[in-house]
Amino acid sequence: MAVMNVNPTRMELTNLKRKLVTARRGHKLLKDKRDELMRQFLLLVKENKELRKSVEMKIKKASAYMALASGEMSDNEISVALMLSGQKLTVDVEKKNIMSVAVPQFNVNYRIAEQNNARSYGFAFTSGDLDEAVSIYSSLTEDLLKLAEVEKTCQLLSAEIESTRRRVNALEHVLITDYEDTIRYITVKLDENERSNTTRLMKVKDIMLEKAHNYN
Amino acid sequence: MLKVAAIGDRESVSGLKAIGMDVFSPERKEDCPGLLKSLCESDYGIIYITEEFGESTKDIIKKYDNKIIPSIILIPGVKNNTGEGVRSLNRSVERAVGSQLPD
């Protein structure tokens, strides 16, 4: 039992009761927030896991083709071939709000609208494996950006969930219990004072009656 | 309007150049943290880094975990994959839920 360091007075009691009500309401709200965050988080994590799995598989496949291509072509030739696309990927970042957590949303912009532009190099002097790799990469663009978005969102949400959970626990196990204990302590103390006052009055009355009428 | 970057060895990331990302392949791994740091501070929204190269930059990646931008994402490279990408996801699950989730 942790009683706070307060004077056991009626004023303190009223104050504490008011604080207890606020703390309870805050606790309930935070608990609701935590539950909703958790729900959103679990959905996102599932998506994130699936996305990561498929992206990693495709990247590994593309990397394998790249490795084959680099066996047939020199590094410089590959660099030149890949540079020719002239494609430039940029993202616009919008902030989305999930339960008052700001998360990013990436909107893609291509400088060249034509997606197949990635293979704008000449086919005569390049390896077929390079074509394979590049076509896998260009099919991967959307997924990669989505992955970046989802993964970031997961990280931000998990941090928020952690701190919300801490707050909920602190309210539930520390603040609210302390308030309740202190309120009980003050109530008991006030009642005790009341009783001691009554007995004192009775005693005084007895003494006075005895003096006045010699009662026993 | 933010750019997209990829860091890794040449074989792993040069293909990403074709789809319009800025590709960086530092010759020495010691250059990685400095490179990542300068990319984070300039106008890059998403930075993909291979698990092999991400190994030496853990501290920087962690520093940007709680910022909205940039989003630093680990991807597997051709060789020396550590599985750190999946692990970091599992870590954030553990942080939020308190335990691992069954698959």
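In which sense do β1(B) and β3(B) pair, and over how many bridges? They pair in the parallel sense, over 5 bridges. Strands count as paired if DSSP finds at least two bridges between them. Helices (H or I, at least four residues) and strands (E, at least two) are DSSP runs, numbered from the N terminus.

This is a predicted model, in which local features need pLDDT of at least 70, side-chain atom pairs count only at pLDDT 80 or more, and totals for chains, interfaces and linings use all residues. Residues are numbered from 1 along each chain as its sequence is written, while chains are lettered from A and ligands numbered from 1 in the order in which they are written.

**Confidence.** pLDDT is the predictor's confidence in each residue, from 0 to 100. Chain B has a mean of 85, and 99% of its residues reach 70 or more. Among its elements, β3(B) has the highest mean, 90, and α1(B) the lowest, 82. For the complex, the predictor gives an ipTM of 0.89 and a pTM of 0.84.

**Strands around β1(B).** β1(B) also runs parallel to β2(B) (residues 22–24), joined by 3 bridges. From β1(B) the chain crosses through α1(B) to β2(B) in a right-handed β-α-β crossover. Right-handed here means that, with the strands pointing away from the viewer, the path from the first strand over the helix to the second runs clockwise. Across the interface, β1(B) pairs with β1(A) (residues 89–98) in the antiparallel sense, over 2 bridges. Bridge partners include these:

| Residue | Bridge partner | Strand of the partner or pairing |
|---|---|---|
| V4(B) | I46(B) | β3(B) |
| A6(B) | V23(B) | β2(B) |
| T90(A) | K3(B) | β1(B) |
| V91(A) | L2(B) | β1(B) |

**The interface.** Contact means C-beta atoms, placed from the backbone, within 7 Å. By this rule 35 residues of chain B touch 52 residues of chain A. α1(B) gives the most to the chain B side, with 8 residues. That side has 19 nonpolar, 10 polar and 6 charged residues. Ala, Val, Leu, Ile, Met, Phe, Trp, Tyr, Cys and Pro count as nonpolar, Asp, Glu, Lys and Arg as charged, and the others, Gly among them, as polar.

**Helix against helix.** α1(A) (residues 10–72) and α1(B) pack at about 100°, with axes 9 Å apart. Axes are lines fitted to C-alpha atoms, for helices over the stretch in contact, and angles run from 0 to 180 degrees between N-to-C directions. The two helices, α1(A) and α1(B), are therefore roughly perpendicular (65 to 115 degrees). A62(A), S63(A), M66(A), A67(A) and S70(A) meet E11(B), S12(B), S14(B) and G15(B). This contact has 3 nonpolar, 5 polar and 1 charged residues.

Note on methods: Two residues are in contact if their C-beta atoms, placed from the backbone, lie within 7 Å. Angles under 35 degrees count as roughly parallel, over 145 as roughly antiparallel, 65 to 115 as roughly perpendicular and the rest as oblique.
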